[in-house]
Amino acid sequence: MRLNIRHTAVLLLVLLFAVESLAQQKVPTSQRYQDGKAIYDYACARCHDYGEGGAPIIGDRGSWSLRSSLWEAVLIEHADEGYLGMPASGGDARLSDYDVEVAAEYILERTFPERKSD
Ligand code: HEC
């Protein structure tokens with residue numbers, strides 16, 4: 001097959017679509033995700049990385065499975081206001097509602113990437 005300019009154009013178009021659909025796969029790079037990661041690392045990781053004090057572990061689906069059937073709003077409220085061993089706002093009163101919310105979303109995103117947020 002000889003490549004003329006039309007073929008090349010079509011090829012480029014196909015490539016473009018391929019790249020675009022790849023980019024549309026859920027690559028969590030939104031601002032909320034980045035903020036969530038930063039807050040998580042700063043305020044939540046020390047308990048949720050390894051399960052300190054019985055904290056459910058990030059990325060470990062089993063340790064989250066029985067929690068509020070993963071109703072995001074409930075989990076976030078618990079993160080905000082505290083719940084049993086979980087201190088309100090991760091124990092840091094300087095964190096805003098937004099901070100706690102995006103950090104909790106980050107945990108859920110890392111643990112259940114396929115979940116639908118509510
Ligand atoms: C001092 C340790 C500690 C820190 C810091 C901490 N957590 Fe937790 N977290 C826990 C523990 C322990 C639990 C489990 C509570 C229980 O069920 O007894 C928990 C539970 C949770 C839950 C599930 C609540 C539910 O309804 O089951 C969420 C969501 C959560 N934490 C989010 C966060 C976020 C977001 C941060 C940071 C802003 C954070 N945690 C910081 C200890 C911590």
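**Exercise 1. Find what percentage of the chain's residues is buried, and describe its fold elements.**

Solution. Start with burial: of the 118 residues in the chain, 20% are buried. Keep in mind that you are looking at a predicted model. Next, look for helices and strands: the chain has five helices and zero strands. Following the sequence, you meet them in the pattern α-α-α-α-α. Finally, check the contacts with a separation of 6 or more: 61% of them join residues 24 or more positions apart.

**Exercise 2. Work out which residues and helices surround the ligand.**

Solution. Begin with the shell, where 29 residues surround the ligand. The closest of them are C44, C47, G85, M86 and G90. Now assign the shell to elements: α2 (31–48), α4 (72–81) and α5 (97–111) are those that give two or more residues. Of these, α2 has the largest share, with six residues. Last, sort the shell by class, and you get 17 nonpolar, nine polar and three charged residues.

**Exercise 3. Take apart the largest nonpolar core.**

Solution. First, a helpful background idea: in soluble globular proteins, nonpolar side chains tend to be buried together. Here, the largest nonpolar core holds 15 residues, and Y40, A103, A104 and I107 touch the most other members. Then ask where the core residues come from: α2, α4 and α5 each supply at least two. The biggest contribution to this core is that of α5, with six residues. To finish, follow A104: leaving aside residues up to four places away in sequence, A104 touches L75, I76 and A79. Those three partners fall in α4 (72–81), while A104 itself belongs to α5 (97–111).

Technical notes
Residues are numbered from 1 along each chain as its sequence is written. This is a predicted model: local features need pLDDT of at least 70, side-chain atom pairs count only at pLDDT 80 or more; totals for chains, interfaces and linings use all residues. Helices (H or I, at least four residues) and strands (E, at least two) are DSSP runs, numbered from the N terminus. A residue is buried if 20 or more other C-beta atoms lie within 10 Å of its own, exposed if 12 or fewer, and partly exposed in between; C-beta atoms are placed from the backbone. Two residues are in contact if their C-beta atoms, placed from the backbone, lie within 7 Å. A residue is near a molecule or strand if its C-beta atom, placed from the backbone, lies within 6 Å of it. Ala, Val, Leu, Ile, Met, Phe, Trp, Tyr, Cys and Pro count as nonpolar, Asp, Glu, Lys and Arg as charged, and the others, Gly among them, as polar. A nonpolar core is a set of buried Ala, Val, Leu, Ile, Met, Phe, Trp, Tyr and Cys residues joined through C-beta atoms within 7 Å.
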